[in-house]
Number of protein chains: 2
Amino acid sequence: MTEKELRLKTAEIEKISHLDYFNIAISVDCVIFGYDEKELKVLLIKSDLEEFAGLHSLLGDLIRPDEDLETASYRILKERTELDDVYLEQVQAFGSINRHPSGRVITIAYYSLIDIKNHKLQLNHNQLNWHPVNTIRKLAFDHKLILDTCLKRLQEQVMETPVVFNLLPEKFSLRELQELYEAILGVELDRRNFRKKISIKDWLVDMDEMENDVPHRPGKLYRLKAEHKRNNPLTARI
Amino acid sequence: MTEKELRLKTAEIEKISHLDYFNIAISVDCVIFGYDEKELKVLLIKSDLEEFAGLHSLLGDLIRPDEDLETASYRILKERTELDDVYLEQVQAFGSINRHPSGRVITIAYYSLIDIKNHKLQLNHNQLNWHPVNTIRKLAFDHKLILDTCLKRLQEQVMETPVVFNLLPEKFSLRELQELYEAILGVELDRRNFRKKISIKDWLVDMDEMENDVPHRPGKLYRLKAEHKRNNPLTARI
DNA sequence: ACAAAAGTGTTACTCCTACACCCATGA
DNA sequence: TCATGGGTGTAGGAGTAACACTTTTGT
C-alpha cells in the first residue's frame, strides 16, 4: 500500500466521490394498527399509482434530507391522521431493487398502534380506511410483506412489553384487554390464566370504577400505570 | 377534492416530483462477529476519514443503485474478507441526520458470524483487524451504537435459533460450544444444564469422533444438523 | 327467570436451577 | 499420580395449562 493510498481523506473529498450514489430514494412506511369491534385493523390508503390501480398501500413518504427516521415517521402519521402522540417502532428496512415502479426506493418500516375510537380520523376524504388485518390478501408494492413482518413483530412483543395499551382507551376492562390479545395473537386464551399472567406483570392500576354500558354484569376498569406509557419521544422532549 | 387531484399518477410522473429527494445516500454496515481464544470479536477497519482519525469503524459501503440490501452486504463481506458463504442478518436502520460527516447517509446494519480460524483473512493489509467486543469503547460514526444493537440482537437470538454454529468449525465439542455461549452472553453457564438445553433442541449430530489435540480427556465431537445450516441465500440459489 | 359475563383456586405437569461425583486422558 | 475437563442425574421451586362454579347485573 502506497503512501498516497494511506493518506486520510476528508469527509468533503469523500462526499464528491460518492455523488454517483445519491440516486436511491429512501422512504418510511407505517403500518398503523388499530383495534375496533374485536378486530385488529390496519390503516390503508388507495394507491395513487396507475401500476397499482385498485390496490391499497401503507402510509408512507420519502424521507426529507433534513429529518431523521423517527421524525419522518411521526410526520407521516401526523399528516395523515392528525395524531402525534402515538407509539411507533422501527421494524426493518426493505430494499428489493424492483419494489417500487418509480425507481429505486428503499423503505424503512415502522409499526404504530392507535386507539381507533378515541382518535376519530378524517377518513372520508383522502381515501383512507381501516381494514381488518386478516382480510387483507394483496397490497401495492411489497406492502403485504411489510404488513406481515410488522404483525409478526407485534405478536412477539405483545407479552414482553406493554405496547398494546396504545390500542385501547384510557380505561378498559380485563375482558376488553383479553379480546385484544386474542385478536392480535389469533388464538383463544383462558380467562383465569390470562388474568394471572397480566396481574403478575404489574402493568395495571385498578381504577375503582365499573363498566356501565354493558348488557351484563359490569367489570372493573383498569388503566396502564403511568410509568409504562410510551408516547412520541419527539413531543415528549419538548 | 377535485377531479384533477383524484386522477391517478403514473410512476413516471411521480418519479419527477421526487427528484429532490434523491440526495440521501444509503449504506450498509456489517457487524462481523468472530470467535477465537474464547472471546467474541468483531472485525473493524481503521477509519480513513480525517474526522475520525485514530478510530475504528465497521465495514460498510454505500449501496449501489442496482443491488438490493442483501447483495450489498454480501458484496461488502466478500470485498473485505473474501468470504461469501456466511450468515448475515439485518438488524435495523440508523438514520440520525448528523451521523455521517460527509452528508446525509442512512445506514442499514447487518450482523454476520464467521469462524475466525477456518477463514484466515488477509488482515495484514487494509488495516483490518479483529477486536475483542468487550474492549471496544468508542468507534467512528455511530458505530458503537450499531455494534451494541447488533450484539443485543445476537444475544436474543442465540438460544432461539442455531446461529452461533457459524462461529465454530464444522466439528466442535460441547465445551467449545458452551464457551462460545458464555462469551456471547457474558455469563457463566452450568455444564449439565447447558448440555440438557442443547440436547433438547436437537440441533446436533454426534460424529463418533473425539477431540485429539487437548491436554486432558477428549470430548466427543458434534456438528450442526444439515437442516439447520443457513448460508448465503444468494449463492445457495445458484 | 334467564342470559351473559365477572370473578376466583387448585391440581398436575413442565421447565429451570442448583448441585457433586466418578471417569478418561495427557503430562 | 496428578491435573484437567468429560460425562452424567436428581430434587426442589417456579411457572404454565387445564379446568368449573358462584355471583352480579341487565333484560
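**View 1. A lysine tucked away in chain B.** B:K41 is buried, with a relative accessible area of 10%. Keep in mind, here and in the views that follow, that this is a predicted model. The residue sits in strand β2 of chain B, which covers residues 39-46. What does the side chain of B:K41 join through a polar contact? Its partner is the side chain of B:E37, and the contact is 3.5 Å. Leaving aside residues up to four places away in sequence, B:K41 touches B:I32, B:F33, B:G34 and B:D36. The list of residues it touches also includes B:I116, along with B:W130, B:H131, B:P132 and B:V133.

**View 2. The protein surface around DNA strand D.** Here 20 residues surround DNA strand D, and the closest are A:N193, A:R217, B:R175, B:R191 and B:K196. By class, this surface has 12 charged residues, four polar ones and four nonpolar ones. Turning to the DNA side, 38% of the strand D atoms within 4 Å of the protein belong to sugar or phosphate, and the rest to bases.

**View 3. Three arginines at DNA strand D.** Which part of the DNA does each arginine meet in this close-up? For A:R217, a polar side-chain atom lies 2.5 Å from a base oxygen of DNA strand D. B:R191 also places a polar side-chain atom 2.5 Å from a base oxygen of that strand. For B:R175 the partner is a phosphate oxygen, 2.9 Å from a polar side-chain atom of the arginine. The elements that give two or more residues to the surface near DNA strand D are α6 (191-201) of chain A and α6 (191-201) of chain B.

**View 4. Chain A as the setting for the salt bridges.** Before zooming in, take a look at the whole chain. Chain A is built with seven helices and 10 strands. Of its 238 residues, 48% count as buried. The accessible surface of chain A comes to about 12500 Å², and carbon and sulfur atoms account for 48% of that surface. Among chain A contacts between residues at least 6 apart in sequence, 65% join residues at least 24 apart. Over all chains, a search of the whole structure finds 32 salt bridges.

**View 5. A salt bridge from a loop to helix α5.** A:K38 forms a salt bridge with A:E179, and their closest N and O atoms are 3.2 Å apart. The pair links distant parts of the chain, 141 residues apart: A:K38 is in the loop between β1 (25-36) and β2 (39-46), while A:E179 is in helix α5 (residues 174-185). Is each partner buried or exposed? A:K38 is exposed, with a relative accessible area of 54%, whereas A:E179 is buried at 17%.

**View 6. Two salt bridges at strand β9 of chain A.** A:E209 pairs with A:K171 in a salt bridge, the closest N and O atoms being 3.0 Å apart. A:E209 belongs to strand β9 (residues 204-210) and A:K171 to the loop between α4 (143-157) and β8 (172-173), 38 residues apart. Both are partly exposed, with a relative accessible area of 30% for A:E209 and 35% for A:K171. A salt bridge also joins A:K220 and A:D206, with closest N and O atoms 3.0 Å apart. This pair links strand β10 (residues 220-224), home of A:K220, to strand β9, home of A:D206, across 14 residues. A:K220 is partly exposed at 39%, and A:D206 is partly exposed at 30%.

**View 7. A salt-bridge network in chain A.** Salt bridges that share partners join A:D61, A:R64, A:E67, A:R75 and A:E79 into one network.

Notes
Residues are numbered from 1 along each chain as its sequence is written. Chains are lettered from A and ligands numbered from 1 in the order in which they are written. This is a predicted model: local features need pLDDT of at least 70, side-chain atom pairs count only at pLDDT 80 or more; totals for chains, interfaces and linings use all residues. Side-chain values use heavy atoms; hydrogens and water are left out. A residue is near a molecule or strand if one of its heavy atoms lies within 4 Å of it. A polar contact is a pair of N or O atoms within 3.5 Å; within protein, one must be able to donate a hydrogen and the other to accept it, and residues adjacent in sequence count only if both atoms are side-chain atoms. Helices (H or I, at least four residues) and strands (E, at least two) are DSSP runs, numbered from the N terminus. Ala, Val, Leu, Ile, Met, Phe, Trp, Tyr, Cys and Pro count as nonpolar, Asp, Glu, Lys and Arg as charged, and the others, Gly among them, as polar. Buried means under 20% relative accessible area, exposed over 50%, partly exposed in between (1.4 Å probe, protein chains only). Contact means heavy atoms within 4.5 Å. Accessible areas come from the Shrake-Rupley method with a 1.4 Å probe; for residues, only the protein chains shown count as cover. A salt bridge is a side-chain nitrogen of Lys or Arg within 4 Å of a carboxyl oxygen of Asp or Glu.
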